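I'm opening a fresh page for this one. I want to go through the overall build, then the empty spaces, then the odd backbone spots.

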Amino acid sequence: MQMPNLILFDDSTRQHLLPLVFTKPIAELRIGITTIRQKWEHYFGTNSSTLTSDYLEPVFPIHLAQNNLLINASVLPNDKLVQQIIELPGNHAIVDGEVLIALHVTEKYLPMLHTARGELRPMLADYRQVSLSCSYTKLHKVSDLFTLNDLVLRSDFATLTHNRQGVKPSSTNTCINESAIFIEEGAKVEGAILNASTGPIYIGRDAEIMEGAMVRGPLAMCANSVLKMGTKVYGASTLGPYVKVGGELNNVVVMGYSNKAHDGFLGNAVIGEWCNLGADTNNSNLKNNYGDVRIFNYGSQQMESTGLQFCGLIMGDHAKTGINTMLNTGTIIGVAANVFGAGFPPKHIASFSWGGADTGFTTHQLDKAIATAEKMYARRNKKMSEAEKQVLKYVYTNTQKFR
């Protein structure tokens, strides 16, 4: 049987995953080892496209066929869920209460997809609804990316290493529970302490762990990521591709192409792509009174309790901090914000903000933000497309009310 065309759609959860998805669909978020898109594509053995906001489509276009399988991008795959989706007949939908899990759209209903733009529930009137028959994991808010990272990382590790043999660690390393350490070809690991007794350690292709680094799993290092000398990492942490990290990390997800290359503590945090944290940038992840941490929610546009005792920093793509930057518990930093100076800045720093607690904030002008992004792309031998620049322009304009 030919597999239907795979499309991952954004649902209303998108508003609660900002600022991380201002510049990308939900499917591009990384949790565990791989992105959500990569997880679904691995299960189905095919490429996918995205149904997302209009302004993102030039960068993440949707591809339609006569037979389409639409899957909620905020839902993570598992064996039983994938099997139920594969068996879903045409013009049927899998629902779990108010959550639309999957929708099998045939040619008859294609015109409706062009106007849906992520709000697919009105289409269900013409579909036979099937109840979900298994448990599953779903993202609901930004903090889920670090609170669920342990669970998802272990699952990804089992999937990616199944029936595979990794490179044997060098004798210069101290390895604890070596059977739960997987090293891809091309990775360099010398003179490090790798403790996988608390969770697996995955070291991707051409990644590097420098001498003196101390790792307590679970940890995922994606291709070309680097742990610098003397770095201390506690699980469950994920370093996306081309991420460079130093200092101390505890339960952190760094999406990709971002740097925290020097000393400083980062805990219970999510860092977007193309970010840079200056030397001795530190975030608090626990309040002095041990109370619940409140963060700014873009869905409600107000401060809300996370229900968490530990919650550090959420940083959107292209954001930067200067040296010695101090960040409060539950700080949200938007896209292309540049934060520096003495003192603690506000807990919500809007996209394209420029300044700090001692100087106040002005607007980080769009042309200057794009110029900086282009330079950072060039350092990774990449070129920023005009479509990506237009996405930043859209975010700049539509976040003005928060500045």
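Below are my entries, topic by topic.

**Entry 1: overall build**

I note at the start that this is a predicted model. I went to the secondary structure before anything else and found 7 helices and 35 strands in the protein. Then I checked the radius of gyration: it is 21 Å, close to the 22 Å from the globule rule for 403 residues, so the protein is as compact as a globular protein of that length.

For the outer dimensions I took the C-alpha trace, which spans about 60 × 50 × 45 Å along the principal axes. I also looked up burial, and 55% of the 403 residues are buried. The accessible surface comes to about 16,900 Å², and carbon and sulfur atoms hold 49% of that surface.

On contacts, I took those between residues at least 6 apart in sequence; 46% of them join residues at least 24 apart.

**Entry 2: the largest pocket**

A reminder to myself on the principle: rolling a probe the size of a water molecule over the atoms shows where empty space is left.

I get a volume of about 560 Å³ for the largest pocket. Which residues come closest to its centre? I wrote down Lys24, Glu28, Phe60, Glu273 and Trp274, out of 21 lining residues. By type, the lining divides into 10 nonpolar, 4 polar and 7 charged residues. Helix α7 (residues 386-398) gives the largest share of this lining, with 3 residues.

I put a mark beside Trp274, since I come back to it in Entry 4.

**Entry 3: closed cavities**

How many cavities of 30 Å³ or more are there? I count 2.

The largest cavity holds about 60 Å³ of space. I listed its lining as His318, Lys320, Ala336, Ala337, Asn338, His364, Ala369, Thr372, Ala373 and Leu392. Helix α6 (residues 366-379) gives the most to it, 3 residues. I sorted the lining by type and got 5 nonpolar, 4 polar and 1 charged.

The second largest cavity has a volume of about 30 Å³. Around it I find Val245, Val254, Ser258, Asn259, Lys260, Leu266, Ile271 and Leu277. Strands β22 (259-260) and β23 (265-273) each supply at least two of the lining residues. The split by type here is 5 nonpolar, 2 polar and 1 charged.

**Entry 4: odd backbone spots**

The background for this entry: most residues other than glycine have a negative phi, and most peptide bonds are trans. I went looking for exceptions.

Where is a cis bond to be found? One runs from Gly217 to Pro218, with omega near 5°. Pro218 sits in the loop between β15 (214-216) and β16 (219-221). I noted another cis peptide bond joining Gly235 and Ala236, where omega is about -5°. Ala236 is in the loop between β18 (232-234) and β19 (237-239).

Next I turned to phi. Asn224 is not a glycine, yet its phi is positive at about 65°. I located Asn224 in the loop between β16 and β17 (226-227). Is Asn224 buried or partly exposed? Its relative accessibility is 25%, so I put it down as partly exposed, the range between 20% and 50%.

Back to Trp274, as promised. Trp274 also has a positive phi, about 60°, without being a glycine. It lies in the loop between β23 and β24 (276-277). Is Trp274 buried or exposed? At 5% relative accessibility it is under the 20% limit, so I call it buried. This is the Trp274 I listed among the residues closest to the centre of the largest pocket.

**Entry 5: a look at Lys383**

Last stop is Lys383, in the loop between α6 and α7. Its relative accessibility is 75%, over the 50% limit, so I logged Lys383 as exposed. What does Lys383 touch, leaving aside its neighbours within four places in sequence? I found contacts with Tyr377 and Glu388.

I also checked the spacing between Lys383 and Ala373: 10 residues in sequence and 9.5 Å in space, C-alpha to C-alpha. Ala373 is one of the residues that line the largest cavity.

Conventions. Residues are numbered from 1 along each chain as its sequence is written. This is a predicted model: local features need pLDDT of at least 70, side-chain atom pairs count only at pLDDT 80 or more; totals for chains, interfaces and linings use all residues. Side-chain values use heavy atoms; hydrogens and water are left out. On a 1 Å grid over the protein atoms alone, a cavity is a set of points where a 1.4 Å probe fits but cannot get out, and a pocket is an open set with protein on both sides within 12 Å along at least five of seven lines; lining residues have an atom within 4 Å of a point. Grid points are joined across faces, edges and corners, and a volume is the space filled by probe spheres set on the points. Helices (H or I, at least four residues) and strands (E, at least two) are DSSP runs, numbered from the N terminus. Ala, Val, Leu, Ile, Met, Phe, Trp, Tyr, Cys and Pro count as nonpolar, Asp, Glu, Lys and Arg as charged, and the others, Gly among them, as polar. The radius of gyration is taken over C-alpha atoms; the globule rule is 2.2 Å times the number of residues to the power 0.38. Buried means under 20% relative accessible area, exposed over 50%, partly exposed in between (1.4 Å probe, protein chains only). Contact means heavy atoms within 4.5 Å. Accessible areas come from the Shrake-Rupley method with a 1.4 Å probe; for residues, only the protein chains shown count as cover.
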